[in-house]
Amino acid sequence: LVATTATEEVIGIDCRQCININVYFHTIETQPLINASMLHDQFHVLRESFRDTPFNFTYMGFDRTINAVWATTPPDTSKNDFEATVGKLLRIGDRDDLNVYFTRGICQSLAGYAFIAGTTLYPAGSYEPTDGVWICEDYIGPNGYYYHGKTLVHEVGHWLGLEHTFQGESCSPQNLNDLVDDTPQQAKATPWGGYVSGCLEDDTCRDLPGRDPTHNFMDYSGELCWNEFTPGQIERMYAQFDLYRRNIDGEMGQSCITGEEASVEVQVLFDDTPETSFFRLRDWVSNRNIVFSGNTQHVNFSNKMVTRTVCLNTASIYVFSYQNSRQEPIKPPGFFSVRVNGRKIVYGSSVEDQQRVYLF
C-alpha cells in the first residue's frame, strides 16, 4: 500500500522511571545508498548520547522513499510546505514519537534542523505533520569522514525543547540566553572546528561565571567536542516533553474502556476529484456491516482532511477501503492513514482502484 520498504528489528533497553520515545527513521533518496547498518549505528549514537538522561529511545525501524524531487528539495524553513507534504505521507505515531528524515536536499544549506516543541505542538493539542527532525545524509554517523552521528543528538535536543547555549548572543544580564540556569552565558557560538581539529576553549563573557560550554551538545563547536547535557538542560527537556509531547490516555483521540477494544483512527485527505472518492470501514464478520464511511459525491471535501475514530472489538475482523468509482488512481496530495491505539499501521497514496486494509 505504500511506496516505501520497512526493515530492521525493534531494539530497546530497560529503563525504569524513564520516558520512552519510539524512533522512526525515513530515508528520502534518489537511489538506495543508505543501508540498515548505517542507520542502526546512527541510532546507537543517539541512544548512547542520552544515556545519562531520563530519555530512553526505542528503534522502530526505517522506511525508504525513492523520489528524486523530494530527495533534492532544499528545506523550506519559512513556510514548511514541503515538510508538511512529506510528513503527511511518511510520519508515523503521535506527538511523543520521534520521526527523523535523512535526505540530501537540506545539505545545500544545513547539517540538520528540528521543530522545537511548542512551535509545532501545543499543550493538550495534536502534532502537526511538520513535526520531526531533518538530517543531511552526509551527517549520518558514527562512521562518517568528518561526522560522527552527533548532529542528530543536537537536533533531538531542539526537538525536546532546548535552545542553543549561545541563544541571544549577548553577555547582557537581560539576555535570557537558552533559558537554562547552569549553562554559562555565551556571547557567540563557538566556531565550527571540532570535526578534525581540537576543541576551541573560549570565554566570551569574561565578566560572568563559567567558560563557554564548548562540550555541550547545544553549542556549535563540533561533533568531536560534544559530549554532555547539563542537569538544567535535562530538567528543561523533561519539563518540555511533559508539557508538549506526553501522550496521556483520553487526551488525544478516543480512549477505549475495555481491554478487548482498540481505538482505530482513519484519516483521509481527498484529492482534487473528490466527487469520485469514498472510504469505508466494515465489520467483515458481522455481515460486512459498515462501521463508518465517507462519500464525497455530496460534500465538497476537495483537499480536506476527514478523520473518523471508533473503538472496535479486537475479536472481530475489520476492513478499511479507499476507493475511486471512476477506476482512476487517487492523485497527490490525496492520501490515507489507519492507526490502531495511536500507532499508524498503514499509510500512503492509493494507486489502485481499491485499497483494503485488514485490521487485527
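**Reading helices and rings**

Mentor: Let's start with helix α3 (residues 81-90; a helix is a DSSP run of H or I, at least four residues, numbered from the N terminus). Seven of its ten residues are buried, so α3 is largely enclosed by the rest of the structure. Buried means under 20% relative accessible area with a 1.4 Å probe, protein chains only. This is a predicted model, where local features need pLDDT of at least 70, side-chain atom pairs count only at pLDDT 80 or more, and totals for chains, interfaces and linings use all residues. Residues are numbered from 1 along each chain as its sequence is written, and side-chain values use heavy atoms, leaving out hydrogens and water.

Trainee: Which residues in α3 are buried?

Mentor: They are F82, E83, A84, V86, G87, L89 and L90.

Trainee: How do I read the packing of α1 and α4?

Mentor: Two packed helices are described by the angle between their axes and the distance between the axes. Here α1 (residues 36-49) and α4 (residues 150-159) pack at about 50°, with axes 9 Å apart (lines fitted to C-alpha atoms over the stretch in contact; angles run from 0 to 180 degrees between N-to-C directions). The two are therefore oblique to each other, meaning outside the classes under 35, 65 to 115 and over 145 degrees.

Trainee: Which residues meet there?

Mentor: Q42, V45, L46 and S49 in α1 meet K150, L152, V153 and V156 in α4 (heavy atoms within 4.5 Å).

Trainee: And where is F50, buried or exposed?

Mentor: F50 is buried, with a relative accessible area of 0%. F229 also counts as buried, at 11%.

Methods
Buried means under 20% relative accessible area, exposed over 50%, partly exposed in between (1.4 Å probe, protein chains only).
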